Amino acid sequence: MQLDDLYRRVIMDHYKNPRNRGSFEGESVSIDLNNPTCGDKIQLQMQVEDGKVKAAKFLGEGCSISLSSASMMTEAVKGKTLEEALQMADQFSGLMKGEPTEFEYEDIDALSGVNKFPARIKCATLAWNALRKGIDQVKENK
Ligand code: FES
Ligand code: FES
């Protein structure tokens, strides 16, 4: 099997069986963001306790790249400190610039091919931008 095939399967698996799709009943940080190039929207919610992301969930419409990226991101940040989550967002920006990087949550590596397609970079980055905004919001509310 070619690597590209494997990566496409990982992306489609997250798209068809999204992890952490939904919203919380209780208190959480909530961010709504849209992709200006296509108008697709994402809502990200995070439960943060003691400076750590206890859980993250998302809702929204979008393409397979944006939704699979949201699925991966919400899975990857679980249990991480806000600083670690921010570092991961930086790491993801690096991946979108074509920098060689490997994620602890390795499904994210499947999005590495996206960096060749500028329009799709915006799709893949949407959830991570929502994460950054969410972290900013937590810090402001302190
Ligand atoms: Fe996202 Fe085309 S703008 S796939
Ligand atoms: Fe809209 Fe990808 S085409 S988020």
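Helices (H or I, at least four residues) and strands (E, at least two) are DSSP runs, numbered from the N terminus. With that in hand, here are the views.

**View 1. The whole chain, a predicted model, runs α-β-β-β-α-α-α from the N terminus on.** That makes four helices and three strands. This is a predicted model, in which local features need pLDDT of at least 70 and side-chain atom pairs count only at pLDDT 80 or more, while totals for chains, interfaces and linings use all residues. Residues are numbered from 1 along each chain as its sequence is written, and chains are lettered from A and ligands numbered from 1 in the order in which they are written. The C-alpha trace spans about 45 × 30 × 25 Å along its principal axes. The radius of gyration is 14 Å, which agrees with the value near 14 Å for a compact globule of 142 residues (taken over C-alpha atoms; the globule rule is 2.2 Å times the number of residues to the power 0.38).

**View 2. The span 7-135 carries a domain annotation in UniProt.** The unreviewed entry lists these residues as "domain: NIF system FeS cluster assembly NifU N-terminal". UniProt positions follow the numbering used here, feature names are shortened, and annotations may be inferred rather than shown by experiment. Residues 7-135 are 43% helix and 19% strand, and their end C-alpha atoms lie 29 Å apart.

**View 3. Strands β1 and β2 run antiparallel.** Strand β1 covers residues 29-34 and is joined to β2 by six bridges (two strands pair if DSSP finds at least two bridges between them). Look for Ile 31 opposite Leu 44, and for Asn 34 opposite Lys 41. The hairpin has six residues between the strands, and Gly 39 takes a positive phi near 85° there.

**View 4. Strands β2 and β3 also pair antiparallel.** Eight bridges join β2 to β3, which covers residues 52-60. Two residues lie between the strands of this hairpin, in which Asp 50 has a positive phi near 50°.

**View 5. Gln 45 sits in strand β2, residues 41-49.** Gln 45 counts as buried because it has 21 C-beta neighbours inside 10 Å (buried means 20 or more other C-beta atoms within 10 Å of its own, exposed 12 or fewer, and partly exposed in between, with C-beta atoms placed from the backbone). In β3, Lys 57 stands opposite Gln 45. Beyond neighbours within four places in sequence, the contacts of Gln 45 include Ser 23, Phe 24, Val 29 and Ala 56 (a contact is two C-beta atoms, placed from the backbone, within 7 Å). Glu 27 is 18 residues from Gln 45 in sequence, with 9.4 Å between their C-alpha atoms.

**View 6. The largest nonpolar core has 33 residues.** Such a core is a set of buried Ala, Val, Leu, Ile, Met, Phe, Trp, Tyr and Cys residues joined through C-beta atoms within 7 Å. Leu 44, Met 73, Val 77, Ala 127 and Leu 131 touch the most other members. Elements giving two or more residues to this core are β2, β3, α2 (64-76), α3 (82-96) and α4 (118-140), and α4 supplies the largest share, eight residues. Leaving aside neighbours within four places in sequence, Leu 131 is in contact with Leu 44, Met 73, Val 77, Ala 85 and Ala 89.
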